[in-house]
Amino acid sequence: MTVETTLLDDVRHIIPFADAHTPLLWLRKGEGIAGVGEALRLEFRGADRIAQASAAWKQLAAASTVTDQVRMPGTGLVAFGTFAFDDDSAATSVLIVPAVIIGRRDGRSWITRIRRTDDKAMPAAPHTEPFGAEYRLTMLPGALTREAYKRAVGEAVQRIRQGDLEKVVLARDLRAHLPIESDVRRALVELALGYPECWTYAVDGMVGSSPETLVRVHRGTLDARVLAGTSERGRDADSDHESAAALLASAKDLQEHEVAVRSVITSLTPHTSALTTSESPFPLKLPNLWHLATDVSGTLSDGSGSLDLVSALHPTAAVAGTPTDAALQLIRELEPFDRERYAGPVGWIGTDGDGEWAIALRCAQVKPSGDITAYAGCGIMADSVPERELAETKMKFRPITEAFG
Ligand SMILES: C=C(O[C@@H]1C=C(C(=O)O)C=C[C@H]1O)C(=O)O
């Protein structure tokens, strides 16, 4: 690949540059990257799909010629990626190198053009396309109805009480159909405006707004944000404050959170020299709910790239449970659908292995046929109440049902 990044005059909005049907996007607080076209697509499957992707990326980056005038996160050679949750998923995991990237960060805007060695010319600069017609979809229960979800939660609680495992994350699905020709960027605009603190992403039809940073790597340092433990937003200031306070005092949520933080620390420790966490979990306020959050930061000690860390981290206890193998087994037993890329890593990697990855939550997969599946899940512990977990999935579906509805 031959890659060139140059500065652009300020680009305020990057979403309009993305393709209407197969957008590539990574955006938070108005900053990020949008990809146009496809210079290269690499597909992976199986238990070592992330390690395969990491190795393929190192080879590709080493064989590329990169001229980068801007040198910021997201400049130079970049691939967008989305990975299946389960080792046995039917869904492919992909890295996609766009032909052109438009980016914006810290008040600077840039364009990256990427040419394959066998192409004669650099791709042309993209232009913004007007948005297509509005749409309004109704999302209906999928393979796991509300009643069936409550039964699955009840079953999981029993298994936990029997001592089979400590925590399991159970999800349910919603389905809809997006008319062919619909402009997916409309949903992305809604997500980005409604959830500016979250990572709004679109990669190979996987779209969403995730609050959970799996890992970011920048020049030898890393950071992550662990989320687990959820409560509703209040109807007024007092009840909102009470809900956050109750979450911070809830033994069930604190324990569930502790399990998730422990899994991240255990996975990152072998790769880091210094790893610190925020002192105690803090309440993270989102438009649809409160989460318990812990921020983690560290210094890399072994030259790992971002995908090496993603490979070490996935699946965290925030989206699988603990112990991991028992949790994955119970998920396969109780969820009557393939999670595909839901709860898998989604993000981007750059030339030198730096990158930003989130957990694909608050999301939906849009298939080329227009079929959409959205997913939301909850951490189940010994004292989980099925009705409450069902209510929590409704809160977690809100970003997607509102963006498409
Ligand atoms: C599994 C999801 O979210 C995860 C589960 C949480 C919980 O159970 O409290 C909180 C944040 C996420 O780590 C989801 O959104 O689908």
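The following exchange goes through a predicted model, its ligand shell, helix packing and backbone geometry.

Biologist: Which confidence limits apply to this model, and how are residues numbered?

Modeller: In this predicted model, local features need a pLDDT of at least 70 and side-chain atom pairs count only at pLDDT 80 or more, whereas totals for chains, interfaces and linings use all residues. Residues are numbered from 1 along each chain as its sequence is written.

Biologist: Which strands each supply at least two residues of the shell around the ligand?

Modeller: A residue is taken as near the ligand if its C-beta atom, placed from the backbone, lies within 6 Å of it, and 17 residues surround the ligand, the closest being Leu227, Thr230, Ala318, Gly377 and Gly379. Strands are DSSP runs of E with at least two residues, helices are runs of H or I with at least four, and both are numbered from the N terminus. The strands that each supply at least two shell residues are β11 (167-177), β15 (221-232) and β23 (371-380).

Biologist: How many residues of each class does the shell around the ligand have?

Modeller: Ala, Val, Leu, Ile, Met, Phe, Trp, Tyr, Cys and Pro count as nonpolar, Asp, Glu, Lys and Arg as charged, and the others, Gly among them, as polar. By these classes the shell around the ligand has nine nonpolar, five polar and three charged residues.

Biologist: At what angle do α3 and α8 pack, and what is the handedness of their crossing?

Modeller: Two packed helices are described by the angle between their axes and the distance between the axes. Axes are lines fitted to C-alpha atoms, for helices over the stretch in contact, and angles run from 0 to 180 degrees between N-to-C directions. Helix α3 (residues 184-194) and helix α8 (residues 386-404) have axes 8 Å apart and an angle of about 135°, which makes α3 oblique to α8 (under 35 degrees is roughly parallel, over 145 roughly antiparallel, 65 to 115 roughly perpendicular and the rest oblique). A crossing is left-handed if the near helix is turned anticlockwise from the far one by less than a right angle and right-handed if clockwise, and for α3 and α8, at about 135°, the crossing is right-handed.

Biologist: Which residues make the contact of α3 with α8?

Modeller: Two residues are in contact if their C-beta atoms, placed from the backbone, lie within 7 Å. The residues of the contact of α3 with α8 divide into five nonpolar, one polar and two charged. They are Ala187, Glu190, Leu191 and Gly194 of α3, together with Pro399, Glu402, Ala403 and Phe404 of α8.

Biologist: Which residues of α2 and α8 meet?

Modeller: The axes of α2 and α8 come within 9 Å and cross at roughly 125°, so α2 is oblique to α8. The crossing of α2 and α8 is right-handed. The residues that meet are Arg146, Tyr149, Lys150, Val153 and Gly154 in α2, and Pro386, Glu387, Glu389, Leu390 and Thr393 in α8.

Biologist: Which residues do the cis peptide bonds at Pro315 and Pro323 join?

Modeller: Most residues other than glycine have a negative phi, and most peptide bonds are trans. Pro315 is in the loop between α6 (306-313) and β19 (321-322), and Pro323 is in the loop between β19 and α7 (324-334). One cis bond, with omega about -5°, joins His314 and Pro315, and another, with omega near -10°, runs from Thr322 to Pro323.

Biologist: Is Lys29 buried or exposed?

Modeller: Lys29 lies in the loop between β2 (24-28) and β3 (31-36) and has a positive phi of about 50° although it is not a glycine. A residue is buried if 20 or more other C-beta atoms lie within 10 Å of its own, exposed if 12 or fewer and partly exposed in between, with C-beta atoms placed from the backbone. Because Lys29 has 11 C-beta neighbours inside 10 Å, Lys29 counts as exposed.

Biologist: What is the phi of Arg219?

Modeller: Arg219 is in the loop between β14 (213-218) and β15, and with 8 other C-beta atoms within 10 Å Arg219 is exposed. Its phi, a positive value in a residue other than glycine, is near 45°.

Biologist: Which residues does Arg105 touch, not counting residues up to four places away in sequence?

Modeller: Arg105 lies in strand β8 (residues 100-105) and counts as partly exposed, with 16 C-beta neighbours inside 10 Å. With that sequence exclusion, the residues touched by Arg105 are Glu31, Met72, Pro73 and Gly74.
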